[in-house]
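Welcome! Take a moment to look over the sequence and the 3D view, and then we will walk through some charged pairs and a pair of strands together.

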Amino acid sequence: MGLIRGLMGHATETDLERVREEFASMLIEGEDVQAAYKLVRDMFVFTDKRLIVMDKQGMTGKKVSYLTVPYGSIVCFSKESAGHFDLDAELKIWVRGQDIPLTYEFKKDSSIEDIYRILGAAVL
């Protein structure tokens, strides 16, 4: 079911131990992964210090980019829920020094609510 939900654009919560192992080389001493959500091949990783967005690119997904956003750099964030005719929910994150927000689209599901709540706890 997780694979089907992922292919449909639903963010699914990911096993934290596996994520801790995968991201161990990027984490600083004392930093811990708090939550992780996978969206098709991409992933949102919330640590106790920052948000890491993993973006797998290309057909094979071998090229990967990582975006680190320290919680202290997040100026504001918003979510737009999916409606009856618009099935996509949208998350926007404004980062200090950037004019255009980071924008991510989700299919209609509850994971965007979890992600929004985690951002709120980390930033506010």
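This briefing covers salt bridges first and then a strand pairing. Keep in mind that the model is predicted. Side chains of opposite charge can pair when their charged atoms come close. In this structure, the count comes to seven salt bridges, and three of the pairs are described below.

**A pair within helix α2**

- Start with glutamate 17 and arginine 20, whose closest N and O atoms are 2.8 Å apart in a salt bridge.
- Both residues belong to helix α2, which covers residues 16-23, and they sit three residues apart, about one turn of the helix.
- Glutamate 17 has a relative accessible area of 47%, so it counts as partly exposed.
- Arginine 20 is partly exposed too, because its relative accessibility is 23%, and buried would mean under 20%.

**A pair that links separate parts**

- Next, find glutamate 31 and arginine 50, where a salt bridge brings N and O to 2.7 Å.
- Glutamate 31 is in the loop between α2 and β2 (33-39), while arginine 50 is in strand β4 (residues 50-57), so this salt bridge ties together parts that are 19 residues apart in sequence.
- Are these two residues buried or exposed? Glutamate 31 is buried, with a relative accessible area of 9%, and arginine 50 is buried as well, at 14%.

**A pair within helix α3**

- Now move along to arginine 117 and aspartate 114, which form a salt bridge with the closest N and O atoms 3.1 Å apart.
- These two residues are separated by about one helical turn, because they are three residues apart in helix α3 (residues 111-123).
- Arginine 117 counts as exposed, with 54% relative accessibility, whereas aspartate 114 is partly exposed, at 23%.

**A network of shared partners**

- Which residues are joined into one network by salt bridges that share partners? They are Glu17, Arg20 and Asp32, so you have already met Glu17 and Arg20 as a pair in helix α2.

**Strands β4 and β5**

- Strand β4, the home of arginine 50, runs antiparallel to strand β5 (residues 63-70), and eight bridges join the two.
- Look across from methionine 54 and you will find tyrosine 66, which stands opposite in β5.
- The hairpin of β4 and β5 has five residues between the strands.
- Glycine 58 in this hairpin takes a positive phi near 80°.
- As background, in a regular strand the side chains alternate between the two faces of the sheet.

Methods
Residues numbered from 1 in each chain as written. Predicted model: local features only at pLDDT ≥ 70, side-chain atom pairs only at ≥ 80, totals over all residues. Heavy atoms only, no water. Salt bridge = Lys/Arg side-chain N within 4 Å of Asp/Glu carboxyl O. Helix = DSSP H or I, 4+ residues; strand = E, 2+ residues; numbered from the N terminus. Buried < 20%, exposed > 50% of the residue type's maximum accessible area, 1.4 Å probe, protein only. Pairing = 2+ DSSP bridges.
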